[in-house]
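Opening the notebook on a new model today. I'll go helix by helix and then check the odd backbone spots.

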Amino acid sequence: MSEQQHNDTVTVFIDGQPAVVPAGCNVVDAAALAGREIPHYCYHPKLSVSGNCRMCLVEVGTPGRDRSTGEPLRDEDGGVQILWIPKPVIACATAVVEGMHVRTDSEAVRSCREGVMEFLLVNHPLDCPICDQAGECRLQEYATDYGRGYSRFIEQKNVKPKRTRLGPRVILDDERCILCSRCVRFCEEIAKDPVLGFTDRGSYTTLTAFPGRELDNNYSLNTVDICPVGALTSTDFRFRMRVWFLKETPSIDTESSVGCNTLVASREGRIYRITPRRNDAVNDTWMPDSGRVLYKQVDADNRIAACAIDGRPAGPDAAVAEAARLLRAGRAAIIGSGRLSVEEQYLLRRIRDALGAGTPARLVARHGEGDGLLLSADRNPNTRGALLTGLINALPSAELADLRAAIEAGEVDTLLAAGEDPAAAGIPCELLKRVKLVYLGSHHDECTQHAAVELPLLTVFEKAGTFVNQQFRVQKFAQAAPGPAGTLPGLQLFTRLLQALNPDAAVAPSPDAVWDAMAREAPEFAGMRFADIPPEGALVSGARFAGLPFVEGPGLHFEPAGKREAR
Amino acid sequence: MLAVPKRTHIHPLERRILLKHADDPQYDVSIDCYLRHGGYAELRKAAAMPPEQIVQEVADSELRGRGGAGFPAGMKWKFLDRKSGKPVYLICNADESEPGTFKDRQLIHKDPHQLIEGMMITAFAIRAKLAFIYIREEMPLGARILEAAIAEARRHNLVGDDILGTGFACDIVVHRGAAAYICGEETGLIESLEGKRAYPRIKPPYFPAAIGLYQCPTIVNNVETLCNVKHIVALGGKEFSRIGTPGNTGTRIWCLSGQVRNPGYFELEGGRHTYGDLIYRMGGGLREGRALQAVIPGGTSAKVWRAGERFTGKLRNGDPFNWGIEDVPLDFDGPMAAGSMSGSGAVIVIDDSADIVEVLANINAFYAHESCGQCTPCREGSLWMRKITSRMVGGAARPEDADLLAAIGDQIAGRTICAHGEACAWPTQSFVAKFRDKFTAKAGEDPERARSRSLRLV
């Protein structure tokens with residue numbers, strides 16, 4: 001038996017194999033670290049332990065010690081004798097101790113699992129052919145891996161309410177529910193909205209919302225994610241696609257500066273749903289509902305899919321050339337966006353430099369009420385990227401008052417708006433008619449009709465890059481779907497425009513190349529390479545901006561630095 | 001509201017300590033009557049003792065819990081967590097719901113002050129901040145009697161603030177349940193008392209002596225157990241332990257029901273009588289022309305005995321035993337040596353006029369109805385077993401149903417959060433094991449005849 005390695009790890013033996021695991025972790029997590037799966041339904045690493053599914057029953061033992069001498073008890077072979085607890089115990093509620101032995105694959109454990117599987121299936125409806133969860137259903141997976149393989153039940157199954165509306169985005173099928181209580185615990189502990197509960201008793205227990213209420217909070221779809229079966233399903237995703245056809249691409253929620261890690265599920269270039277991706281430093285396993293609908297913008301009717309000059313379709317080369325000509329022709333001003341990626345913001349800054357260091361560049365602020373969880377008050381995902389790349393050096397305001405004044409005073413000839421609608425930012429259309437507008441945008445909006453040049457911008461789902469969230473964490477997102485035909489892929493829109501303005505300032509249109517350039521310029525990015533940024537993101541220093549009045553309040557895994565003025 | 005009638009005939013084999021006055025026609029529930037009979041003298045005595053000494057007396061008495069588990073009360077009190085600094089609570093479990101048990105209702109309805117005195121002595125011993133009586137919903141008269149008795153006791157400074165001038169304060173709150181058997185499980189009771197669904201807690205870590213009511217150390221004891229505390233203080237622990245037999249000290253109130261001539265409750269010294277004494281001498285034996293078929297020795301959760309069974313083995317002291325049902329001693333250890341348990345002390349006699357499969361179907365219906373539904377094996381297994389036995393009773397039994405029932409029982413016991421798993425599994429396992437021939441014979445029964453008997457189940 002080995003000594004403890006450090007203060008905070010212990011050595012346990014999973015099926016005879018030693019494993020060094022953090023002290024105090026439970027046996028389910030310890031076994032996972034050792035590469036063994038202990039099946040479970042009700043346990044979730046981010047929720048309280050309820051221990052009611054009984055699927056994670058394992059045999060646990062500790063080395064015996066002679067009571068008087070304290071010496072380890074030995075068996076015939078001289079090895080340490082293990083005293084096994086006579087009844088199996090649930091792994092999720094058992095904390096590891098030094099020298100603990102766990103059996104995950106003995107006769108007794110296999111019998112427990114077969115028993116629990118059988119019990120879960122006796123009243124479970126045979127809905128697999130029509131159930132959305134098929135393909136990602138724990139009941140299916142564990143039945144295959146640990147079940148008996150045949151049914152002995154010939155009685156009538158319980159009948160409970162089916163396909164009821166639990167809330168605006170969630171449908172509940174009570175017959176499929178295995179009463180694991182994950183959704184109840186989630187709503188109470190994480191969403192702080194204890195709207196779900198059980199009624200009736202025994203096998204007739206039914207999940208429901210409290211009378212007069214619906215599951216309508218902004219985190220309701222997380223219950224669909226954590227439901228191990230198809231009892232809770234998403235109204236938006238219902239019946240749309242079988243999950244085994246879906247490709248999952250890691251991405252970032254652009255709803256706010258929290259930067260929830262997501263997975264974008266798509267098939268053949270069409271996106272079907274967004275689900276959270278686990279990041280224990282940012283969003284755990286959660287994301288707000290409002291961020292999940294953002295993929296719908298990809299197929300919106302008002303998508304800008306092709307370049308245009310003065311409202312007439314044009315090819316990308318001509319459009320870029322015309323844009324460059326207009327920008328060089330007179331005094332330019334730039335409106336950038338906190339929704340652009342770090343790479344795009346960097347290239348925009350290079351474009352600004354090419355036009356002259358005095359060219360004003362502004363971002364448009366987007367503020368909302370922070371919910372104290374995963375929706376921050378800054379509804380731009382990448383304000384800090386603009387600061388770090390040098391595009392701006394002060395926090396943006398919602399109305400571009402000084403820019404408007406400059407246009408009114410006739411000091412601006414060409415306006416480059418990348419990712420923001422100037423009309424919505426306080427520059428009325430009447431005023432826009434006085435300047436030449438070069439509009440890089442993804443959707444038609446109020447200002448587009450006055451644009452001299454339209455250049456389509458890719459949405460976050462159609463490109464790869466990084467955002468910097470409120471923690472000053474650089475997080476990567478990958479391309480999930482190709483952009484509309486006619487758009488320039490990747491960063492080409494920006495690199496070509498930059499090259500047209502300054503042939504010497506050529507940058508290859510890949511995030512790798514842009515990061516190599518950025519690493520030489522921004523002190524916080526020194527030594528970083530795009531390919532080396534890990535999936536959970538990389539923190540950079542925000543010290544240079546410590547004095548700025550960031551608007552975010554406390555949230556999950558986030559405390560605003562220093563004292564802020566009361567707002 | 002059912003009144004609880006006084007029993008007119010007391011069997012000479014009984015030794016009435018707890019029920020000494022309960023069935024006396026002149027005795028009523030008022031505090032005046034209780035005081036006239038020397039009541040609350042033990043509370044005065046205990047109030048002057050150091051709390052540790054009261055605990056030691058109870059430990060010396062070897063009093064074992066009377067609720068069904070038989071856990072030594074003194075040991076439970078010593079497990080109380082004193083280091084956390086949290087307030088300590090006392091809960092009297094008056095949720096008597098084990099089918100066949102009706103002893104606590106006698107104590108509550110006929111001699112409530114004995115319970116209150118026992119609780120207050122316990123409160124002194126464990127320095128409780130507040131005490132609760134959790135009484136089952138189906139005893140509304142009992143709740144009123146207790147509340148009136150507590151109010152009387154409060155007026156006499158025996159409950160509430162500054163008890164007997166000692167400065168110690170502890171009140172008793174009577175809390176009515178809402179008709180759920182699982183509220184008799186101590187952590188289910190605690191959850192219900194906190195206002196939540198009665199879902200028993202996982203143990204470890206939620207042992208009530210460590211983490212109980214409001215996450216504070218809590219002692220949960222049965223009504224009969226707490227009534228005994230008064231008599232332990234009166235006699236002293238060592239003297240009390242001379243009543244009954246070693247390991248089974250004191251008296252227990254045994255509840256005899258079923259197909260006997262003289263069902264009722266009998267207070268007997270531990271280990272001094274047998275099941276045969278209870279059924280035949282005190283119970284008057286079986287009805288005319290009937291033979292014994294089965295005995296359930298300790299409430300319906302206990303494993304059943306088949307008439308004619310013999311139990312052999314060695315006792316704890318090494319002596320061999322060879323018992324028939326009639327020879328098993330009425331204590332904790334005897335039924336356990338005979339493969340069952342004494343449970344709550346409820347003995348149910350079944351004669352040969354009963355269809356044993358129907359008996360099991362009735363029992364299964366109860367446990368399926370009462371399962372809280374928290375954990376998978378008990379929730380699904382109890383209802384599945386109920387559906388099988390209902391089907392068998394309704395005339396559609398199959399030969400393989402006996403094996404299936406046994407297998408389901410095996411899949412539940414030992415794998416649940418609380419003992420309700422064992423409670424619903426043991427009847428099925430033991431009935432099938434002992435009466436397999438009856439179960440397989442059911443498959444050959446004429447369905448029409450079976451359906452015509454139409455047993456109504458819960």
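**Entry 1: helix α9 of chain A.** I started with α9(A), residues 401-408, and looked up what is buried there: L403(A), A406(A) and I407(A). I then asked how they sit around the axis, and they cover an arc of only 100°, which puts them on the same side of α9(A). That fits the textbook picture: an α-helix has 3.6 residues a turn, so residues three or four places apart point the same way. Worth writing down before going on: this is a predicted model.

What covers the buried residues of α9(A)? I found β17 (332-336), β19 (414-418) and α10 (429-432) of chain A among the elements doing it. Past the helix comes G410(A), and I noted its positive phi, near 75°.

**Entry 2: helix α6 of chain A.** Next I checked the length of α6(A), residues 316-329. Its 14 residues reach 20 Å from first C-alpha to last, close to the 20 Å expected at 1.5 Å a residue. For burial in α6(A), I got A319(A), V320(A), E322(A), A323(A), A324(A), L326(A) and L327(A). E322(A) is the entry I underlined in that list of buried residues.

**Entry 3: chain A as a whole.** I stepped back for the overall numbers. Chain A has twelve helices and 24 strands, and its C-alpha atoms fill a box of roughly 90 × 55 × 45 Å along the principal axes. Of its 567 residues, 55% are buried. For contacts with a separation of 6 or more in chain A, I read that 65% are between residues 24 or more positions apart.

The accessible surface of chain A came out at about 23900 Å², and carbon and sulfur atoms hold 51% of that. I also looked at charge: chain A carries 63 positive and 73 negative side chains, and the centres of the two sets lie 2 Å apart.

**Entry 4: positive phi in chain A.** Most residues other than glycine have a negative phi, and most peptide bonds are trans. With that in mind I pulled up two non-glycine cases. L179(A) has a positive phi of about 60°, and I located L179(A) in the loop between β8 (170-172) and α4 (182-189) of chain A. Is L179(A) buried or exposed? I get 3% relative accessibility, so L179(A) counts as buried, the cut-off being under 20%.

The other case is D310(A), with a positive phi of about 50° although it is not a glycine. D310(A) is in the loop between β15 (308-309) and β16 (312-313) of chain A. Its relative accessible area is 48%, and I logged D310(A) as partly exposed.

**Entry 5: cis peptide bonds in chain B.** I moved to chain B and went after omega. Which kind of peptide bond runs from K203(B) to P204(B)? It is cis, with omega near 5°. P204(B) sits in the loop between α8 (186-193) and β4 (218-222) of chain B. I then found that P204(B) and P205(B) are also joined by a cis peptide bond, with omega about 5°. P205(B) lies in the loop between α8 and β4 of chain B.

**Entry 6: helix α9 of chain B.** I measured nothing by hand here; I just compared the computed span of α9(B), residues 223-235, with expectation. Its 13 residues should span 18 Å at 1.5 Å a residue, and the end C-alpha atoms are 19 Å apart, which agrees. How many residues of α9(B) are buried? Eleven of the 13 are, so α9(B) is largely enclosed by the rest of the structure. Among the buried ones I listed E224(B), N228(B), K230(B) and H231(B), along with V223(B) and L226(B).

**Entry 7: two spot checks in chain B.** L90(B) belongs to strand β1 (residues 88-94) of chain B, and at 0% relative accessibility L90(B) counts as buried. I looked up what L90(B) touches, leaving out residues up to four places away in sequence: the list includes M119(B), I126(B), F132(B), I219(B) and L226(B). L226(B) is also one of the buried residues of α9(B). I also took the distance from L90(B) to P329(B): 239 residues apart in sequence, 32 Å apart C-alpha to C-alpha.

Last one: A433(B), in helix α16 (residues 420-434) of chain B. A433(B) is exposed, at 57% relative accessible area. From A433(B) to A402(B) I read 8.7 Å, C-alpha to C-alpha, with their positions 31 residues apart in sequence.

Definitions and conventions. Residues numbered from 1 in each chain as written. Chains lettered and ligands numbered in written order. Predicted model: local features only at pLDDT ≥ 70, side-chain atom pairs only at ≥ 80, totals over all residues. Heavy atoms only, no water. Helix = DSSP H or I, 4+ residues; strand = E, 2+ residues; numbered from the N terminus. Buried < 20%, exposed > 50% of the residue type's maximum accessible area, 1.4 Å probe, protein only. Contact = heavy atoms within 4.5 Å. Areas by Shrake-Rupley, 256 points an atom, 1.4 Å probe, with all protein chains shown as cover. Lys, Arg positive; Asp, Glu negative; His and termini not counted. Charge placed at Lys NZ, Arg CZ, Asp CG, Glu CD. Expected span 1.5 Å × (residues − 1). Arc of directions from axis to C-beta.
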